Amino acid sequence: MIDVVLGLQWGDEGKGKIVDVLTPQYDVVARFQGGPNAGHSLEFNGQKHVLNTIPSGIFHQHTINVIGNGVVIDPITLKKEIEKVMASGVDPRKNLYISEKAHLIIPTHRLVDAASEAQKGEHKIGSTLRGISPTYQDKIGRSGLRIGDILTPNFKEKYQTAVANHKLLLDRFNHSYNLAEHEPAFFEAVEFLKQFKIISSEYFINKLINEGKKVLAEGAQGTLLDIDFGTYPFVTSSNTITGGVCSGLGVAPQKINKVYGIFKAYCTRVGSGPFPTELHDDTGEQLRKQGFEFGATTGRPRRTGWLDLPTLKYAIMLNGVTDLICTKSDVLSGFDVVPVCDAYDINGARVTEIPYNFNDAPIKPLFKEFKGWSEDLTGLRKFDELPSNFKAYMEYVEEQVGLKMSVISIGPDREQTIVR
Ligand code: IMP
């Protein structure tokens, strides 16, 4: 069987830490979508590690880590990541497997991403500029390059064909660039990757499942950034929901067992797009400071706001969440009141479902307010020890979404986790 862990908001829910906590129960951790736009932070033994493409099980030497076919890989970023992991004493040559069908991000994909964003001006998506969208566009347009291609004798030819297409785009965008600056590092990284296990990951994973091995599929970004169900066009270019596991790893739906849905006790978003509960005041700033809400990949300050139940319920429905996990609960200490949005007012109507015109509708969040708490939660290890005001807040969320919390995370360290 395969279990899934994914984000229920706009990404940055703290999935990396949760995967790291869950990993000892699994034989395999596999990424199924996204690419180096992700930044999964893990913290243990007082050290912080950020992973972009490598699954979060890499620091457990006995865990098999798979980068699935649904992922897009930038060899340059992956090489840097691998080198950092190696510096911490783990050798990914032993436990990292890469799908031959994962698509390659080449330097011109990044250039096209930057040019396309620049052209959009104030309508920009706020992309991480990692080349994600152009790479998935080439995949769907059937002109992409895949990891397996690096092992073929005519790889350079295929590369040049892709580059020629991208140059036409860059000319159209009137974007100046110096490709020669990027190519040596790219080809060096391509050579570097050849020493890793490049495999047919769909056979590999299904074989492991049939042998009774436990597999954990690790999502990146979040449900509200899903290409189909997110706040389109302010989304990423892949299916971030449970459905993406089937196409991103090659496993059948009936093999999926548990779905761990992760949400932060409040909301954040990086980049553009709708965010009904966003705070533009000192309270928003306080959330950003207390939660250290700055992008793990880009360093950008994240937009902050209160928990939004209509989107959370939508995400739980789309993913078939079986186990709910709340992260960064400790960040909510010190606020006089903690509001939670349980519906929207749109032109005087009370709305609880996400409308098609989510981006443009005059949405006013309707809040229920809870009394705050000032206790530091980071040292607590049992649900019963949590402050009663915090418990009242959590119990309301549970009642509204119809699921109990399985895990409450109260700090970045592996140890700072309350399992119910
Ligand atoms: P892209 O995936 O780089 O094209 O970016 C598209 C949108 O998704 C932008 O608003 C990004 O800020 C957002 N995004 C992409 N990856 C992540 C992530 O891992 N965490 C949070 N937001 C992300």
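**Two loop acids, a ligand shell and the cysteines**

Asp74 sits in the loop that links β6 (72-73) to α2 (75-87). The model is a predicted one, and in it this aspartate is tucked away: its relative accessibility is just 3%, so Asp74 goes down as buried. Which residues does Asp74 touch once its neighbours within four places in sequence are set aside? The contacts are Pro36, Ile105 and Arg110.

Another acidic residue, Glu181, is also found in a loop, this one between α6 (155-172) and α7 (183-193). Here the relative accessible area is 57%, and because the cut-off for exposed is over 50%, Glu181 counts as exposed. Glu181 can also be placed relative to Pro107: the two are 74 residues apart along the sequence, while their C-alpha atoms are 9.6 Å apart in space.

Next, the ligand. The shell around the ligand holds 16 residues, of which Asp12, Asn37, Thr128, Thr236 and Arg300 come nearest. Sorted by class, that shell is made up of 7 nonpolar, 7 polar and 2 charged residues.

A few polar contacts can be spelled out atom by atom. On the nitrogen side, one N atom of the ligand is 3.2 Å from an N or O atom in the Asp12 side chain. Oxygen atoms of the ligand take part too: a polar atom in the side chain of Asn37 lies 2.9 Å from a ligand oxygen, and with Val270 the partner is a polar backbone atom, 3.2 Å from an oxygen of the ligand. As for cover, the ligand on its own has 470 Å² of accessible area, and the protein covers 97% of that.

That leaves the cysteines. A disulfide is a covalent bond joining the sulfur atoms of two cysteines. How many disulfides does the model have? The count comes to 0, taking a pair of cysteine sulfur atoms within 2.5 Å as the criterion.

Distances show why Cys267 and Cys326 are left unpaired. For Cys267, the closest cysteine sulfur belongs to Cys341 and is 8.7 Å away, which is too far for a bond. For Cys326, the closest cysteine sulfur is that of Cys267, at 11 Å, so a bond is ruled out by distance here as well. Are these residues buried or exposed? Cys267 has a relative accessible area of 1% and is buried. Cys326 is buried too, with a value of 0%. Both fall under the 20% limit for buried residues.

Note on methods: Residues numbered from 1 in each chain as written. Predicted model: local features only at pLDDT ≥ 70, side-chain atom pairs only at ≥ 80, totals over all residues. Heavy atoms only, no water. Near = heavy atom within 4 Å. Polar contact = N/O pair within 3.5 Å; in protein donor to acceptor, adjacent residues only side chain to side chain. Areas by Shrake-Rupley, 256 points an atom, 1.4 Å probe, with all protein chains shown as cover. Nonpolar A, V, L, I, M, F, W, Y, C, P; charged D, E, K, R; others polar. Helix = DSSP H or I, 4+ residues; strand = E, 2+ residues; numbered from the N terminus. Buried < 20%, exposed > 50% of the residue type's maximum accessible area, 1.4 Å probe, protein only. Contact = heavy atoms within 4.5 Å.
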